[in-house]
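Q: Please take a close look at one surface residue, then work outward to the ligand site and the charged pairs. Keep it brisk.

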Amino acid sequence: MNARSLLADAEARLAEAGVASPRVDAEMLLSHVTGVPRSLLLVAARPNDLQHRSYTELVEARARRVPLQHLTGSAAFRFVDLEVGPGVFVPRPETEVLTGWAVEQALLFSAQGPEPLSGGENPVVVDLCTGSGAIALSIIHEVPRAQVHAVELDEVAYGWAQRNLSGTGVDLRLGDAADAFADLDGRADVVVSNPPYIPLDAWESVAPEVRDHDPELALWSGDDGLDAMRMIEATAWRLLKPGGVVGVEHADVQGESAPEVFGLRWADIADHPDLAGRPRFVTARKAR
Ligand SMILES: C[S@@+](CC[C@H](N)C(=O)[O-])C[C@H]1O[C@@H](n2cnc3c(N)ncnc32)[C@H](O)[C@@H]1O
């Protein structure tokens, strides 16, 4: 069977299974199996028998709603690729916007541009709840002079972060963000986090890829989904210098309730939309 027919069959199978982007996923999987770039599949892919069998198995797994990134083993995030698989949250496009904000803040704190200095004046950035390490890896990639610290509670997710952050200079620790980095108290310029934030009663509305394959610890956060937000607020207050900033992702229904968590003692509280225009992350500054 040629690539065109394989793709047409796979697209139909994935559409029938309710996959949101059946053609793209069919192409990504065929590209993964054959090693041919997506844009060249129709002209250059000639799957052999083994590749054909692998492709059929992967399409069936995707039809069972195994996340595409678990099947290909990697997730693209801003300018980096991360290794992902069972036991770690797959980084999402909406978090790229929050990460872009953190990159801009780190550059503002460094004031002299993105190149590493020989010493001193490097912005201190902390990524709480790092998962695969997506935010921390992007920041060290885009602001190499930053001192980046990251923490993850779950041991399996921590293993993925170790692989992704190995050799980058990021200070990765296994532990609870609630009491992490006592050695950095009052020293951070930027604290950033994409914590768990789905309210417990939203189970029904969550897609099977998320519900059945992202780790529970990555998703749920108490009745209103804001338990982790309250914890991050307290940790950020402890870690930041006066004048330092925090940015935290939240659910689209938390555009008012998430900023309220920062209402009492923070300055410059603002909420920001994701690429689809939905409320997505809150930022605030620790008053000087
Ligand atoms: C929504 S995922 C986000 C992962 C990553 N930051 C990203 O954007 O792809 C939340 C992560 O927080 C971790 N986590 C949950 N509670 C934590 C805690 N108290 N301390 C540290 N990590 C925690 C989970 O294990 C999970 O990896």
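A: V43 is exposed, because its relative accessible area is 60% and the cut-off for that class is over 50%. This is a predicted model, so the value is computed from predicted coordinates. V43 sits in helix α3, which spans residues 41-44. V43 also has company. Together with L40 and L42, V43 makes a nonpolar surface patch of about 270 Å². Membership of such a patch requires over 30% relative accessible area and no salt bridge. At 60%, V43 passes the area test.

S221 gives the contrast. S221 is buried, because its relative accessible area is 5% and the limit for buried is under 20%. The residue belongs to a loop, with α10 (216-219) on one side and α11 (227-239) on the other. S221 and F77 are 144 residues apart along the chain. Their C-alpha atoms are separated by 24 Å.

Next, the ligand. It is surrounded by 18 residues. The closest are C129, E152, D176, A177 and N194. The shell divides into 10 nonpolar, five polar and three charged residues. Three polar contacts can be described atom by atom. C129 uses its backbone: an N or O atom there lies 2.9 Å from a ligand nitrogen. E152 uses its side chain, where an N or O atom is 2.6 Å from a ligand oxygen. N194 also brings a side-chain N or O atom, 2.9 Å from an oxygen atom of the ligand. On its own, the ligand has 600 Å² of accessible area, and the protein covers 96% of that.

Now the charged pairs. The whole structure holds 22 salt bridges. One of them joins E11 and R23, with the closest N and O atoms 3.3 Å apart. E11 is in helix α1 (residues 3-16) and R23 in helix α2 (residues 22-34), so this pair, 12 residues apart, links distant parts of the chain. E11 is partly exposed, because its relative accessibility is 29%. R23 falls into that class too, at 27%.

A second bridge pairs R163 with E83, at 3.9 Å from N to O. This pair spans 80 residues: R163 belongs to helix α8 (residues 155-165), E83 to strand β2 (residues 80-83). The distance of 3.9 Å still counts, because the criterion is within 4 Å. R163 is partly exposed at 44% relative accessible area. E83 is partly exposed as well, at 40%.

A third bridge brings the side chains of R285 and D268 together, 3.1 Å from N to O. R285 lies in strand β9 (residues 279-286) and D268 in strand β8 (residues 266-273), so the bridge ties together parts 17 residues apart in sequence. The two ends fall on either side of a cut-off. R285 is partly exposed, with a relative accessible area of 27%. D268 counts as exposed, because it reaches 55% and the threshold is over 50%.

Some bridges share partners, and through them E11, R23, E27 and R38 form one network. E11 and R23 are therefore not an isolated pair, because they belong to that network.

Back to the starting point. V43, in helix α3, is exposed at 60% and contributes to the patch with L40 and L42.

Key: Residues numbered from 1 in each chain as written. Predicted model: local features only at pLDDT ≥ 70, side-chain atom pairs only at ≥ 80, totals over all residues. Heavy atoms only, no water. Patch = residues over 30% accessible without salt bridge, like charges linked within 9 Å, V, L, I, M, F, W, Y side chains within 5 Å. Areas by Shrake-Rupley, 256 points an atom, 1.4 Å probe, with all protein chains shown as cover. Helix = DSSP H or I, 4+ residues; strand = E, 2+ residues; numbered from the N terminus. Buried < 20%, exposed > 50% of the residue type's maximum accessible area, 1.4 Å probe, protein only. Near = heavy atom within 4 Å. Polar contact = N/O pair within 3.5 Å; in protein donor to acceptor, adjacent residues only side chain to side chain. Nonpolar A, V, L, I, M, F, W, Y, C, P; charged D, E, K, R; others polar.
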